[in-house]
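Trainee: Please take one part of this model and look at it closely. I would like a connected account, from the chosen part out to its surroundings.

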Amino acid sequence: MSTEAQIKSTSSTPAPSNSITSPMEGSLKSLMDIASLIETGSCKKEVFHIARAVRLTNSLKKKLAEPNLLQAFLDFALSPRSELHNRLSGFLDHQGGELGMEADSATSAPAKRVSPELKIYCYLLMLLFLIDQNRYNEAKAFSSAAVVRVENLSRGAVETAGVLASRVYFYYSYIHEVIDDLAEIRWDLLHLLTISTLHHDDLGQEALLNLLLRNYLHYNFYDQAEKLRSKALRFQSHTIQQVCRYLFYLGKIRTIQLKYKDARESLLHAARKAPVAAHGFRILCSKWAVLVHLLLGEIPERTIFKQSGMERALRPYFMLTNAVRIGDLELFRNVAEDLAGFFGSDKTYNLIVRLRHNVIRTGLRKISISYSRISLADVAEKLKLDSANPVADVESITAKAIRDGAIHAILDHANGWMVSKDTGDIYSTAKPLSVFSSRIAFCLNLHNDAVKALRFPPKTQEEKDSDDYWRESQVLDEEIAREFMDEDETYF
């Protein structure tokens, strides 16, 4: 008797009284429905059933910490006294107490034909349970066993089990990151990426590629991350979560490589594509985007710091932006020193050190606008340089700023002066053309992304006007947003 058939007959069979308490009956029924979806997807070879099962599981995460609930589901989904059933139940027996169904019913139940996808799902539930219980040492060994189980899947089951496998990879990496042992699994992830590529498993490829990028960036191996990213095979992304993560990691790599324009584009796309519910991820993107704007010599708009729920998290970066905007080197130095711990936890302190030169240039630009002629000694005093020979440093900084076109002035080395020149008409240059071109390109990209995100309308007008259609669409949107929010809380 298959698991799917058993699910259909469950409604007429009452659950044992000592298995689970009545408040958990709804959760158990939900898990049974999820198992039915997985079995349907496995039989029909339709991935969207299993993807929906994973999304529904995210709404039950907080209830999966109850051992009785998991034991009852394992007794229902797996063959009693089977090797997998005994192994998974062993982690629940660690909690003690009455667990699972009655022994008589377990021993007398017939053997079940369990699909490989459902077995992987049971592994996934147990991983969530161990993580929730903070049993990371056990979770580490168990996640390795789950990865081996996924690796040994048959070629036919790889396509339908790809969604579940990507979740197993995610928690496999997360557990090792919590115990600060990411370097140990790097070669395993590379091996899994090779297997996913050979099996044409796009879901596994995009998940493993992002996990490897995160692994390299965790240890500041930016060159290795860029080499992997550039040599990885191109494939069509299937989930918005993985797309946003990839764009964010790409933005970080481009920032370190001093390719600030590319970094800004990637970070803004990641923040724009992320759902509103992904609060922590959007905050992280905003922090890096603010720094990239400053490194480009631009001042971010105040609305970035006034976004709902982000004001407190972005407050240090607002203070930093204010110091760069007014060109006050002493204020910038105080902010950087006072909030060094905060910037260090965000791994952005090295980027903030680069901003010192931008602060000096901003102050120098203001001085050149305010004075037609000023001595270099006065410029050094106004900029409050803390070097041994400030006048010589100011002269070299001013010469470089003039060469780069940051200020319009000339240096009188004999008299030690900086003489400002009249500012020309900016509309006689090519700068307005480049600004308009960038804005047009942004609008075209936004239009193309909107077209790609369009969904096919219903076939008939009656279906379109039905309440069930719009209700299902709203539920699907909420499930996708909740999935991203749960991953966001876990990872970021």
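**A close look at helix α4**

Mentor: Start with helix α4, residues 67–77, in this predicted model. The helix is mostly covered: 11 of its 11 residues are buried. The run begins with P67, N68, L69 and L70, which are buried. Q71, A72, F73 and L74 are buried too. D75, F76 and A77 complete the buried set.

Now take the two phenylalanines. F73 and F76 are both buried. They sit three residues apart in α4, so about one helical turn separates them. The count of aromatic pairs in the protein comes to 11. In the pair F73 and F76, the ring centres are 6.5 Å apart and the planes meet at 40 degrees. Why is this pair called tilted? Stacked needs planes under 30 degrees apart and edge-to-face needs over 60, so 40 degrees falls in the tilted class. F248 and Y249 make another tilted pair, with centres 5.8 Å apart and planes at 55 degrees. F248 has 2% relative accessibility; buried means under 20%, so F248 counts as buried. Y249 is buried as well, with a relative accessible area of 2%.

Back to α4. F73 and F76 join Y121 in one aromatic cluster. Next along the chain from Y121 is C122, which is buried at a relative accessible area of 1%. C443, by contrast, is partly exposed, at 48%. The disulfide count is zero.

Next, the setting. The protein has 25 helices and three strands. Of its 492 residues, 46% count as buried. The exposed area is about 25,500 Å², and carbon and sulfur atoms supply 54% of it. Take the contacts with a separation of 6 or more: residues 24 or more positions apart account for 69% of them.

One helix pair shows such packing in detail. Helix α17 (residues 315–326) packs with helix α20 (residues 349–370) at an angle of about 35 degrees. Their axes are 7 Å apart. On the α17 side, L320, A323, V324, R325 and I326 make the contact. On the α20 side, the residues are I352, L355, V359, T362 and K366. By type, this contact has seven nonpolar residues, one polar and two charged.

To return to the chosen part: α4 has 11 of its 11 residues buried, and two of its phenylalanines, F73 and F76, share an aromatic cluster with Y121.

Terms used
Residues are numbered from 1 along each chain as its sequence is written. This is a predicted model: local features need pLDDT of at least 70, side-chain atom pairs count only at pLDDT 80 or more; totals for chains, interfaces and linings use all residues. Side-chain values use heavy atoms; hydrogens and water are left out. Axes are lines fitted to C-alpha atoms, for helices over the stretch in contact, and angles run from 0 to 180 degrees between N-to-C directions. Helices (H or I, at least four residues) and strands (E, at least two) are DSSP runs, numbered from the N terminus. Contact means heavy atoms within 4.5 Å. Ala, Val, Leu, Ile, Met, Phe, Trp, Tyr, Cys and Pro count as nonpolar, Asp, Glu, Lys and Arg as charged, and the others, Gly among them, as polar. Buried means under 20% relative accessible area, exposed over 50%, partly exposed in between (1.4 Å probe, protein chains only). A disulfide is a pair of cysteine sulfur atoms within 2.5 Å. Accessible areas come from the Shrake-Rupley method with a 1.4 Å probe; for residues, only the protein chains shown count as cover. Rings of Phe, Tyr and Trp (its six-membered ring) pair if their centres lie within 6.5 Å; planes under 30 degrees apart count as stacked, over 60 as edge-to-face and the rest as tilted.
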